[in-house]
Every structure is written in structure tokens, then in C-alpha cells.
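User: I have a model open and would like to go through it with you. Can we start with how far to trust it?

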Amino acid sequence: MFKSTLILVLLILGFAQSQAQWVILSKEADTLVSQGTNYIYNIEFEKAEQCFKKIQSLEPNNPAGYFLDAMIEWWEINMFPFSKKTDDKFLVKVDKVIQLSDALLEKEEYDLTGLFFKGAALGYRARLFAQRNSWLDAASDGKAAFDIMTKCYERAPQNHDIMMGTGIYNYFAEAIPEKMPLLKPIVLFFPKGNKKIGILQLKSSAAYARYTKVEALTTLMQINYSFEENMNEAYFYSKQLKTAYPNNPYFHKYFARCLVRMGEWDSLEVHWREIVNRTLNKQKGYDNPVGREGCYYVGLALDRKGNLETALKYLLKCEEISKYIADDESGFRASANLKIGLIYDKLGKRDLAIKQYKLCLNLKDFQDVHEKAEKYIKVPYR
């Protein structure tokens, strides 16, 4: 969570807001922006790159095309957060955006194009630093991005694309201290926010912004899922995004997670099966972690229906992928092993069930898995 919070500061009006109402590009370049950002959201990166290279050719001194081009790497990072292979390429592209923005700002201190893209570049760089646990670098870039964002807002307070950034700030500046008290010392260095105003600004951006609509919808989905825990709202936004961008694994995953939290067992089985199949087919962005998650939830759905043998296969596959990923922080491995033990007990395979429960005790505890495993070692699950 820290990577998307320290960066209240992320004011960053989203990658699609390249020109908002006040950035001037040619009509041809403007069309390419819309096409290219849609390609990014639907994970068609090669097509997106072609669009952005054309923008760079048409307007070589405008940071817009370069910033959007950097967002291709950002989405690679977003989809595969544990891989660092794209980091250096992303940082080089961000530096180019800052360089071009500074050139504009040297000519005019309040050049909105320069301010906007420098703030956006710093904000996304801050997000990467936070994701890599470089907190001081993240805080430095984040604060600089906030200062630049403030200048933008002063010049164009009614711009709905800019409201994307102010909405993010207003919401998280109040929400973070409530949700994560340990971060209060960092938040104290920033102006106070207002969650209600932040949500209203994000909704306004989602409804009326020209370029930040998708980013606003994404943020509203994340806020309602993780902070407000309003699954009806989270589902509403995730469904819109999944429908608009059916090949985006990030939106697909959130949509399926909402179904889990809402207890829609028949629907969640269908959609997590689709995710598992896409993982098996190696579709872009559907990697082992999301495949593991899919196996887990399909296994739960089948277990609930009494299809124990098939449920067991999915849960054992979840365990197998977990060992390959070598990551026990998510809790999927511990939870899957406990569920496997419960199914063995229901099948009357007591020896296998006890073996599974003991395995749970050797894994990192997650949601009282150890306590439950110890209980069922003593008394079989019924």
C-alpha cells in the first residue's frame, strides 16, 4: 500500500492526461494520444509505442509524447511489480521528460505544459522509488511533484483533468493517517486533505475529464476496494474498466476480487477460471501470481459446491505455483494448504489431512492458519 500512498504526492494526474484542456498539441497528435493511451490500457504496448513515437516526431520539444512512451514501461512495472528488469528503461525515459519540461520552464516559469509533465514524471518516479523501498527518494520526488501540482491547480482550478490529482491528494492525505498510523509523521509534512472532497473531485474527473477518465475510475475502484471497503462501488467501477479494456489483467483481477468479497460464488468461479486459462495461455500480464490466485478461488468455489476432487486439484496447483514463486507474504500458500487439509478430512483421508496441517505450521502464519491447523490436528474437520 505504501507505494500508492506515500505518494499522496502522486498528484499525478494519471498517464492519460497528457494534454488536458490546456496543453496544446496538433490535431493529429491529439488523435494519436487518445489512440495510444487506449492501447496502453488494453495492454497493446507495441501499438501504443508506435503512436507515441509519431507524436515525438510531430512535436519533438513537447514532453507529452515522451511521457506517454514512459508509461508503457510503467504498466510493465505495474503488472509485474516484483521484476526490476524494466526499471532502468523507465527512469531514462522519465529523465527525458523532465529535461524537456525544464526547457519549457526556463522560457516561462508557469508554462502549464512544462509544469504538468514535470510533476507527472516526478510523481511516477516517486511511485517507483516507493515500490523499491527507496523511501527518501520517493518522499523527495513526491513533495516536488506536489509543489508543481499546486501551481497547476492555481492556474486552472476548474480543469477536470487536474482534479484527478487534487482528488488523489485530498483523499489520501486524510485516509492514510486513519488507515496506517505509522505513516503519520510523513503525512504531517503535507497540507491536510478531505476524503469527501477528494472523492467528489475524482468522480468529477471520471465523468468530465478529457484525458484522466480512466485513471479516475481506477483510483475510485482502488479506494472503494481497499480503503472504503464498499464492494458495490468497487464492483461498479471495476466492471466499467474490465468491459472497456477486456485484455487488461489489472482490471480483470480487481473485478474478480470484488466478486469474491461480495460472495458471488457462481460468477467468481467463471471469471477466475478465465483468469487461470489466460495464465495457462500466457496472455500478456497474466503471470504466475494471478494464476495462483485464480486456482485458489476456483478451488474454494468447487469445494463449496461439493466437487471435492476437482477442488483439490486446483488448490494443489495453487500450492505448486506458490512454491515456484517462493513468496509466502500473500498468505495464499498457507491458506491453500489449510483448505487442502480440510478437503482431505472431508474425503476421509485423515493421514493426508494431518500431514497438510503440519505443513501449515511450517509456513508463515496468515489469518490464524496456525491456530486452525493445530485445532484440526487434534480434531478432524467436519
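Analyst: Start with pLDDT, which is the predictor's confidence in each residue, from 0 to 100. This is a predicted model, so local features need pLDDT of at least 70 and side-chain atom pairs count only at pLDDT 80 or more, while totals for chains, interfaces and linings use all residues. Residues are numbered from 1 along each chain as its sequence is written, and side-chain values use heavy atoms, with hydrogens and water left out.

User: What does the protein chain average in pLDDT?

Analyst: The average is 86, and 90% of the residues score at least 70.

User: Where does pLDDT stay under 50?

Analyst: Over residues 1–24. The model has 116 contacts beyond four places in sequence for that stretch, where contact means heavy atoms within 4.5 Å.

User: OK, helices. What span should helix 4 have, and what do its ends show?

Analyst: Helices here are DSSP runs (H or I, at least four residues; strands are E, at least two), numbered from the N terminus. The expected span is 1.5 Å times one less than the number of residues. Helix 4 has 21 residues, 87–107, so it should span 30 Å; its end C-alpha atoms are 31 Å apart, which agrees.

User: Which residues of helix 4 are buried?

Analyst: Buried means under 20% relative accessible area, exposed means over 50%, and partly exposed is in between (1.4 Å probe, protein chains only). The buried ones are Asp87, Phe90, Lys93, Val94, Val97, Ile98, Leu100, Ser101, Leu104 and Leu105. Seen down the axis of helix 4, the buried residues fall within an arc of 165°, so they line one face of the helix. The arc is that of the directions from the helix axis to the C-beta atoms.

User: Why would residues three or four places apart point the same way?

Analyst: An α-helix has 3.6 residues a turn, so that spacing brings them round to the same direction.

User: What do the buried residues of helix 4 pack against, and which are exposed on the other side?

Analyst: They pack against helix 3 (63–79) and helix 5 (112–131). On the other side of helix 4, Asp88, Val92, Gln99, Glu106 and Lys107 are exposed.

User: Back to Asp87. What is it in contact with?

Analyst: Leaving aside neighbours within four places in sequence, Asp87 is in contact with Ile77, Leu128 and Arg132. Asp87 has 8% relative accessibility, so it counts as buried.

User: And Lys93, which salt bridge is it in?

Analyst: A salt bridge is a side-chain nitrogen of Lys or Arg within 4 Å of a carboxyl oxygen of Asp or Glu. Lys93 meets Glu73 in one, at 2.8 Å from N to O. Glu73 lies in helix 3 and Lys93 in helix 4, so the pair ties together parts that are 20 residues apart in sequence. Glu73 counts as buried at 6% relative accessibility, and Lys93 does at 14%.

User: How many salt bridges are there in the whole structure?

Analyst: The search finds 19. One of them joins Arg257 and Glu293, with the closest N and O atoms 2.7 Å apart. That pair links distant parts of the chain, Arg257 in helix 12 (residues 249–262) and Glu293 in helix 14 (residues 288–305), 36 residues apart.

User: Is Glu293 buried or exposed?

Analyst: Glu293 is buried, with a relative accessible area of 5%. Another bridge joins Lys305 to Glu269, at 3.0 Å between the closest N and O atoms. Lys305 lies in helix 14 and Glu269 in helix 13 (residues 265–280), so this pair also ties together parts that are 36 residues apart in sequence. Lys305 counts as exposed at 53% relative accessibility, whereas Glu269 counts as buried at 7%.

User: Which residues do shared partners join into one network?

Analyst: Lys53, Asp69, Glu73, Lys89 and Lys93.

User: Change of topic: how many residues has the largest nonpolar core?

Analyst: It has 70 residues. A nonpolar core is a set of buried Ala, Val, Leu, Ile, Met, Phe, Trp, Tyr and Cys residues joined through side-chain atoms within 4.5 Å. Those with the most contacts inside this one are Ile40, Phe52, Met71, Trp74, Trp75, Phe90 and Phe251. Helix 3 gives the largest share, 11 residues. Apart from this core lies another, of 38 residues, among them Ala311, Leu312, Ala336 and Ala353.

User: Last one. Where is Gln367, and what is its phi?

Analyst: Gln367 is in the loop between helix 17 (350–361) and helix 18 (369–378). Its phi is near 50°, a positive value in a residue other than glycine. Most residues other than glycine have a negative phi. Gln367 is exposed, with a relative accessible area of 60%.
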